[in-house]
Amino acid sequence: MNKWDTIFEKDPNYKPLNDVFLAKLLQKIKKETNQKPKTMVDLGCGTARTIFQFAERGFDVTGIDYSRIALRKLRQRVDDSDFKNITLTHNDLNNITVDLAADIFLCNFVYAFIEEKDTFLQKIAESMSDNSSFIIVTPVTHKDMEYVESDKIAIAVDYDETMSKFKGV
């Protein structure tokens, strides 16, 4: 059993995106791309409710995760729902082997755990159209801020390092 299956076996309760944040985010995307987005890929969906938030708004949603246990549990919730616009796929974000296409690519509290960040970002960049949006939600540390050790979140990524990776793709 991989580490993610072990985690999802215990039924963690991850929160969805804040509804106000999501509404403002979608409004901003629509304004900046001059189109209403219709498709979304949740990269590292786990068992989160985020896919349902997008499905409720009429998106065709694809959830991708490495944990077969998370996907099995999420599949049950999808099957118990009325949503027909949700697809789930097993894949390793360190080496994505499926073709991706979407208006929105969401990586919600997952980016810090991706070991092959350059490979991951390259695959997403290759999958995006001119009007696609890539959203990463993750805590960051920043060189201009002072932290005490208790402030540092274990999943925080370095802002400057992350931005330099984005510029490289």
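1. The largest nonpolar core of this predicted model has 22 residues, and those with the most contacts inside this core are Ile 51, Phe 54, Val 61, Ile 86 and Ile 104. At least two residues of this core come from each of helix 2, helix 3 (50–56), helix 4 (68–80), strand 3 (86–90), strand 4 (104–108) and strand 5. As background, in soluble globular proteins nonpolar side chains tend to be buried together.

2. Val 61 can serve as a way into this core, being listed among the residues with the most contacts inside it. When neighbours within four places in sequence are left aside, Val 61 is in contact with Met 40, Ile 51, Phe 54, Ala 55, Asn 85, Ile 86 and Thr 87.

3. Apart from the largest nonpolar core lies another core, which has 16 residues, including Val 41, Leu 93, Ala 102 and Tyr 111.

4. The largest pocket has a volume of about 570 Å³, and 23 residues line this pocket, with Trp 4, Gly 44, Phe 109, Val 110 and Phe 113 lying nearest its centre. Helix 1 (residues 3–9) gives the largest share of this lining, namely three residues. By class, the lining of the largest pocket divides into 11 nonpolar, six polar and six charged residues.

5. The second largest pocket holds about 270 Å³ of space, and of the 15 residues that line the second largest pocket, Met 128, Ser 132, Ser 133, Phe 134 and Ile 135 are the closest to its centre. Two or more lining residues are given by each of helix 2 (19–33), helix 5 (117–127) and strand 5 (133–137), and the largest share, five residues, comes from helix 2. The lining of the second largest pocket is made up of 10 nonpolar, three polar and two charged residues. Helix 2 and strand 5 therefore deserve a look in both settings, since each supplies at least two residues of the largest nonpolar core and each gives two or more residues to the lining of this pocket.6. How many disulfides does the model contain? The count comes to zero, and Cys 45 is in no disulfide, the nearest cysteine sulfur, that of Cys 107, being 11 Å away. Because a disulfide requires cysteine sulfur atoms within 2.5 Å, the 11 Å from the sulfur of Cys 107 to the closest cysteine sulfur, in Cys 45, is too far for a bond.

7. Are these two cysteines buried or exposed? Cys 45 counts as buried, at 3% relative accessibility, and Cys 107 is also buried, with a relative accessible area of 0%.

Definitions and conventions. Residues are numbered from 1 along each chain as its sequence is written. This is a predicted model: local features need pLDDT of at least 70, side-chain atom pairs count only at pLDDT 80 or more; totals for chains, interfaces and linings use all residues. Side-chain values use heavy atoms; hydrogens and water are left out. Buried means under 20% relative accessible area, exposed over 50%, partly exposed in between (1.4 Å probe, protein chains only). On a 1 Å grid over the protein atoms alone, a cavity is a set of points where a 1.4 Å probe fits but cannot get out, and a pocket is an open set with protein on both sides within 12 Å along at least five of seven lines; lining residues have an atom within 4 Å of a point. Grid points are joined across faces, edges and corners, and a volume is the space filled by probe spheres set on the points. Helices (H or I, at least four residues) and strands (E, at least two) are DSSP runs, numbered from the N terminus. Ala, Val, Leu, Ile, Met, Phe, Trp, Tyr, Cys and Pro count as nonpolar, Asp, Glu, Lys and Arg as charged, and the others, Gly among them, as polar. A nonpolar core is a set of buried Ala, Val, Leu, Ile, Met, Phe, Trp, Tyr and Cys residues joined through side-chain atoms within 4.5 Å. Contact means heavy atoms within 4.5 Å.
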